[in-house]
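This briefing is an introduction to how aromatic rings and charged side chains are arranged in one protein model. Please look over the sequence and the structure before reading on.

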Amino acid sequence: MQMGSSTSITILSLGFLFLLSVFSSFCTTVCISEARNNTLRVGEELRKYKRARALLKRLNKPSLKIIQSPDGDTIDCVPIHKQPAFDHPRLRGQKPLEPPKRPRGYVHVRNISINSNQDEITHIQQLWTVSGEACPDGTIPIRRTKEEDILRARSIKRFGRKPVAAGVRRDSISSGHEHAVGFVMGEQYYGAKASMNVWAPRVASQSEFSLSQIWVISGSFGNDLNTIEAGWQVSPQLYGDNLPRFFTYWTTDAYQATGCYNLLCSGFVQTNNRIAMGAAISPTSSYRGAQFDISLLIWKDPNHGNWWLEFGSGVLVGYWPSVLFSHLADHASMIQFGGEIVNTGSNGFHSETQMGSGHFAHEGFGKSAYFRNLEIVDWDNSLIPLTNLRVLADHPNCYDIQGGINTVWGNYFYFGGPGRNMKCP
């Protein structure tokens, strides 16, 4: 009995030791693997942090004055000759050009409230200016890029850029970008002008946006697409909030490797010390209430060939040098006005991101988003009303558009919608 019992204990002990050995071996393998994974993750995070810091150093130029905006933005007043544009190899060493003459037929348009029920006219401004602070002469205001701005982006390499194959109507079906636009094509165009009301549409997720803008387009809709874009947008991923912000964009290769938003790469030359690209706009339009709109003019200087941008009443913001472009170095072949959203289609449903006011076009003034007084610049540097304006919505059950013409607003259209609804599942 004693020997049998001793043998049983020995067998149990050996079994336990075997299991312990197997477990130890397994644990060693797993622990080493986990340790390696942790090391890789730490290494990748460190590389990402270093890339972000290097990008911040390149984007945020030394400033002569710093202004804190009530919305949390920091505005750096950067010497005009040290702005990001002049990092571009084809612009290095240059200085901003003098303003060109406006197109013939030009009329100053203020950025104001146009609600006829208001006795007092309210002017639109950017939030960073409400304190009365301003950037001194010889500097330009640049919205400071923060580390969290870069880390929110899907890719540090593509920070400040739209996704490839995005942004213009003909690419929308495959890219998740949806539009409701008015457009003209078939002629040679040298600029465009319009007024649009400003809203604060709801954006359903951080990776989506909603905007209202003008596109100046040339080239095919392949890899050689050239565009210049300006308007307002709500983009939580880019700006970290849901405020409507004045923005610009450009590309010469269909959003692949060239161009960016605002001043987040070298290219656009800013000349104005009162407007900060990417800064929030205030106030905004309200449903059945006051309508606040901004006027934008983009046109090609016939002397130097650069594309200039005006915001509101005679305020020149700056220009896109013609050397940036291939097709737009000559002229545009299409002008587009309207709204764009990103629909990520999460959970298999259409996005609830709103376009414009979040209401359909048929609701009209005070309820829907609009573009009014649409004009183009012709070969003779003259502003003329549009002819043959066409309107198109990619997904009219989600966002639609209705055009018209009258003696006060000239060519105009209402557009927008709520996104997901009973007819847009």
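Two rings of Phe, Tyr or Trp, the last taken by its six-membered ring, are said to pair if their centres lie within 6.5 Å. In this predicted model, ring pairs link Phe365, Tyr370, Trp409, Tyr412 and Tyr414 into a cluster. The structure holds 18 aromatic pairs, and two of them are described below, followed by two contacts between a charge and a ring.

**The pair of phenylalanine 337 and phenylalanine 371**
- Among the 18 aromatic pairs, phenylalanine 337 and phenylalanine 371 form one that is edge-to-face, with 6.1 Å from centre to centre and 65° between the planes.
- This pair links distant parts of the chain, since phenylalanine 337 belongs to strand E15 (residues 332–342) and phenylalanine 371 to strand E16 (residues 369–377), 34 residues apart.
- Phenylalanine 337 counts as buried because its relative accessibility is 0%, and phenylalanine 371 is likewise buried, with a relative accessible area of 0%.

**The pair of phenylalanine 365 and tryptophan 409**
- Phenylalanine 365 and tryptophan 409 also pair edge-to-face, at 5.9 Å centre to centre and with 65° between the planes.
- Here phenylalanine 365 lies in the loop between E15 and E16, while tryptophan 409 lies in the loop between strand E19 (400–406) and strand E20 (410–416), 44 residues apart.
- Phenylalanine 365 is partly exposed, with a relative accessible area of 37%, whereas tryptophan 409, at 12% relative accessibility, counts as buried.

**Charges over rings**
- The charged end of lysine 162 sits over the ring of tyrosine 249, at 5.3 Å from the ring centre.
- The charged end of arginine 420 sits over the ring of phenylalanine 349, at 4.0 Å from the ring centre.

Technical notes:
Residues are numbered from 1 along each chain as its sequence is written. This is a predicted model: local features need pLDDT of at least 70, side-chain atom pairs count only at pLDDT 80 or more; totals for chains, interfaces and linings use all residues. Side-chain values use heavy atoms; hydrogens and water are left out. Rings of Phe, Tyr and Trp (its six-membered ring) pair if their centres lie within 6.5 Å; planes under 30 degrees apart count as stacked, over 60 as edge-to-face and the rest as tilted. Helices (H or I, at least four residues) and strands (E, at least two) are DSSP runs, numbered from the N terminus. Buried means under 20% relative accessible area, exposed over 50%, partly exposed in between (1.4 Å probe, protein chains only). A charge sits over a ring if NZ of Lys or CZ of Arg is within 6 Å of the ring centre and within 35 degrees of the ring normal.
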